[in-house]
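I opened the model to look up a few side chains and the strands around them, and I am keeping these notes in the order in which I checked things.

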Amino acid sequence: MDNKTDLSGDFHSNRRDFIKSSSIALGGMLVTPAPSKVFLNNSNNDVLKIALIGCGKRGAGAAAQALMTSKNVKLVALADVFRDQLDETYFHLTKIPKIKDQVDVPEAAKFVGFDAYQKAIDLADVVLLATPAPFRPDHFEAAVKASKHVFMEKPLASDAPGIRKILATGELAAKKKLSVVVGLQNRYDPTTQEFVNQIKNGAIGDVISSSCYYMIGHINLVPRKPGWTEMEYQVRNWRYFNWLWAGSPAGLQIHNDDVVNWVKGGYPVKAQGVGGRQAFKGPDNGDVYDHFYIEYEYADGSKLHSEIRHIDGTEKRNGFFFLGTKGSGDLATGLKDYKGNVIWKRDPKIVHNPYQLEHDKFFESIRTGKLINDTEWGAKSTMATIMGRMAAHSGQVIEWDTALKSDISIVPQKLSWDAQPPSMPDQNGNYPVPVAGVAQA
């Protein structure tokens, strides 16, 4: 396969790159995706006020897409632990022609610090959660307790205790009749829905094996600057620390693995795997692995083979592939039987923007009262990736119940500037890296 293989057929811009592609930093014109057409029950024309918590590129993209759902949506609050990041997102959002008039965030509604989220939640009807994973459980709980609708990015936590809190909060959201959408956008893509339904309806027979690939170049690295505390450095360079990123199975591959869980109608019962660091060396590279292979097993004995790599100069491959008793295939090339006959193929002329569609559906659900609650499957797909990371780090077979009930937390008890991160450098600035056979699960 060539260097651009994409088995998912996902030709959409990544939300994390939204602001990059929309900005005028290089002197170009602003370019924004057209909002999808969703017909709402417009009997309620009240303005929905939103707060963005987590002002990185991912959050900025989510805010822009939320505002594009309707002119009756207004951004009224921003929260982040870093003022410079908040200011950058505010600047870019106010430069996007289609939504700039919907950005109404006065200085008094720009909140900075670890407690900023609560202040922003208080001003909104809808909360967008786009911080790194360990902050999600507390932020989600605070938003739901305040009776706010929530969109939250994946992954939903970094460890099992965080996942259990997410699941409990999701149950509370259901009782309060709140909508919750999780940023696993494949679930909202009509073409992926059609593909999944074909397989679930037996197009390739019983699924006996599946493979997922998330093989890319380097992940974004933020070098340390003089004057930063250890906590500030790690939070800014969050993709390189397991407690902040939850590892690349959760940070990257979760999109593809989730499609397999969707097809199977359940989650792996156990996992075993390997991983390590081939390219990552030195203090700037934290404690994360740069490659994984994880074998998941489902209750019916079928396997999911999950390959992850983020190393420059290597083959790039992304997507999911299914092998059944009657045929096989993927989203990009379609489904075929074992005689080579085409069973199903996507229409290349139809391209959806699932990043926009998930927000369209989210705000439609709020206005119509036809509530959505993605919490359970979003949390359990996250938990499956955490189980895979635990298996690779420990070198042990990890079972679902053991993983979900684990009391091992990789997150500080208190998230604050004066807290000590769980991973600290040695005298040479290097961080301890999990070693199979030694590391805790």
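**An aspartate and its surroundings**

In this predicted model, I looked first at Asp290, whose side chain reaches the backbone nitrogen of Gln278 at a distance of 2.9 Å. I then found that the side chain of Asp290 also reaches the backbone nitrogen of Ala279, here at 2.6 Å.

I placed Asp290 in the loop between strand 9 (270–276) and strand 10. Which side chain of opposite charge is nearest to Asp290? I noted Arg277, at 6.2 Å, and I recorded that Asp290 is buried yet has no salt bridge. The cut-off for a salt bridge is 4 Å, so the 6.2 Å to Arg277 does not qualify.

Setting aside the neighbours within four places in sequence, I listed the contacts of Asp290, which include Gly276, Arg277 and Phe280 as well as Ile308, Arg309, His310 and Ile311.

**Strand 11 and its partners**

I next followed strand 11 (residues 303–310), which pairs with strand 8 (residues 207–216) in the parallel sense over eight bridges. Within this pairing I looked up Tyr214, and its bridge partner in strand 11 is Ile308.

How many bridges join strand 10 to strand 11? I counted seven, with strand 10 covering residues 291–297 and the two strands running antiparallel. Across this pair, Tyr296 stands opposite Leu304 in strand 11. The hairpin of strand 10 and strand 11 has five residues between the strands, and there I noted that Gly301 takes a positive phi near 90 degrees.

**An asparagine in a helix**

I turned to Asn261, which lies in helix 10 (residues 248–264). Is Asn261 buried or exposed? Its relative accessibility is 3%, and because buried means under 20%, Asn261 counts as buried.

I also checked Asn261 against Leu304: the two are 43 residues apart along the chain, and their C-alpha atoms are separated by 9.4 Å. Leaving aside neighbours within four places in sequence, I found Asn261 in contact with Gly266, Tyr267 and Pro268, and also with Tyr298, Ser381 and Ala384.

**Cysteines**

Last, I searched the whole structure for disulfides and the search returned zero. For my own reference, a disulfide is a covalent bond between the sulfur atoms of two cysteines. I looked up the accessibility of two cysteines as well: Cys55 counts as buried because its relative accessibility is 1%, and Cys212 is buried, with a relative accessible area of 0%.

Key. Residues numbered from 1 in each chain as written. Predicted model: local features only at pLDDT ≥ 70, side-chain atom pairs only at ≥ 80, totals over all residues. Heavy atoms only, no water. Pairing = 2+ DSSP bridges. Helix = DSSP H or I, 4+ residues; strand = E, 2+ residues; numbered from the N terminus. Buried < 20%, exposed > 50% of the residue type's maximum accessible area, 1.4 Å probe, protein only. Lys, Arg positive; Asp, Glu negative; His and termini not counted. Polar contact = N/O pair within 3.5 Å; in protein donor to acceptor, adjacent residues only side chain to side chain. Contact = heavy atoms within 4.5 Å. Disulfide = S-S within 2.5 Å.
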